[in-house]
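Trainee: Could you take a close look at one part of this model with me? I'd like to see how a single helix sits in its surroundings, and then how that part fits into the whole.

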Amino acid sequence: MRIDLHCHTRVSGDSLTPLEVIPARCREQEIAVQAITDHWEIRGAQQLKARVQGWAGNGDGGLTIIVGEEINTDEGELIGLFLKKRVESGLSPEETVRQIKAQSGLVLLPHGFDPLKLVRLRPEARERIADSIDIVETFNARVSRPRWNRVAAEWAAARGKPMSAGSDAHTLDSIGRAWVETPDRPIEGPQDLLEALRQGTPKGTWTHPLLDMVRLIWNFLRQTCLCVRHRLLPGDRR
């Protein structure tokens with residue numbers, strides 16, 4: 001099965017992807033486990049998880065949603081997975097880790113080695129919390145150069161960390177561009193995910209940042225036109 005641990009919805013300020021269209025896209029891309037990791041928010045992930053669980057209760061399952069958050073610490077970004085409460089932005093990396101762990105969540109290091117990612121976790125902070133990092137994203141579909149994924153993989157391998165992949169999708173058509181391929185198994189909690197990742201292989205398709213930006217702008221313009229036609233503001237999140 002395929003697992004994607006990094007994805008944004010319109011709950012993030014830089015994405016317009018509606019929650020309701022994500023399950024169909026995941027089915028198209030054969031994604032069985034999708035983490036929703038909006039910037040600074042978990043409400044979209046919670047809503048989608050509840051919706052998918054409702055379908056499963058009616059015999060229409062097949063997709064697992066993990067509630068996550070991409071958190072902006074005062075030294076760069078971390079992702080928390082299996083969260084029950086939103087983690088506040090602007091805390092130190094150490095305090096952010098503490099709050100994730102207090103919820104029995106997992107700490108994921110995203111795109112941490114790309115120097116052109118202004119929000120990457122600073123190298124000195126990464127080394128300070130290295131022992132507390134549970135998962136390292138070693139294939140991010142939106143890094144500036146593929147070599148930074150290789151650097152992340154080397155760092156993770158040297159420390160025996162489970163490796164993940166994330167589409168880091170900000171548009172609908174980007175969902176499923178990166179995944180971990182692993183033996184089929186239920187993912188009901190953190191330990192299930194860690195065991196699956198240890199048996200899995202990160203894979204995906206890298207997208208050049210300029211092409212990715214063009215897609216993002218095109219989707220914004222298209223969505224804006226639709227909103228105008230329906231007399232909704234572009235930021236309307238109903």
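Mentor: Start with helix α6, residues 190-198, where L193, L194, A196 and L197 are buried. Those four span an arc of only 165° around the axis, so they end up on the same side of α6. Bear in mind that all of this is read from a predicted model.

Now hold that up against α3, residues 93-102. Its buried residues are P93, T96, V97 and I100. Looking down the axis of α3, you find them within an arc of 100°, which means they line one face of the helix. And what does that face pack against? The buried residues of α3 meet β3, β4, β5 and also α4, which covers 123-128. Just after α3 comes S104, and its phi is positive, near 60°.

The strands on that list belong to an open sheet of nine, in the order β7-β6-β5-β4-β3-β2-β1-β8-β9, with mixed pairing. At the edges sit β7 (163-166) and β9 (201-204), each of which pairs on one side only. Ignoring direction, neighbouring strands in the sheet are turned by 35° against each other on average. Helix α3 packs on this sheet by touching β3 (64-73), β4 (76-81) and β5 (106-109), and its direction makes about 10° with that of β4.

Over at the β9 edge, have a look at β8, residues 178-181: four bridges join β8 to β9, and the two run antiparallel. One pair you can pick out by eye is A178, whose bridge partner in β9 is G204.

Stepping back, the protein has seven helices and nine strands. Of its 238 residues, 51% count as buried. Among contacts with a separation of 6 or more, 69% are between residues 24 or more positions apart. The accessible surface comes to about 11300 Å², and carbon and sulfur atoms account for 53% of that.

How far should you trust the picture? The average pLDDT for the protein is 89, and 85% of the residues score at least 70. The stretch to watch is 233-238, where pLDDT stays under 50. The model does have twelve contacts for those residues beyond four places in sequence. Still, predicted coordinates should not be read in detail where pLDDT is low.

Methods: Residues numbered from 1 in each chain as written. Predicted model: local features only at pLDDT ≥ 70, side-chain atom pairs only at ≥ 80, totals over all residues. Heavy atoms only, no water. Pairing = 2+ DSSP bridges. Axes fitted to C-alpha atoms, helices over the stretch in contact; angles between N-to-C directions. Contact = heavy atoms within 4.5 Å. pLDDT = per-residue confidence, 0-100. Buried < 20%, exposed > 50% of the residue type's maximum accessible area, 1.4 Å probe, protein only. Arc of directions from axis to C-beta. Areas by Shrake-Rupley, 256 points an atom, 1.4 Å probe, with all protein chains shown as cover.
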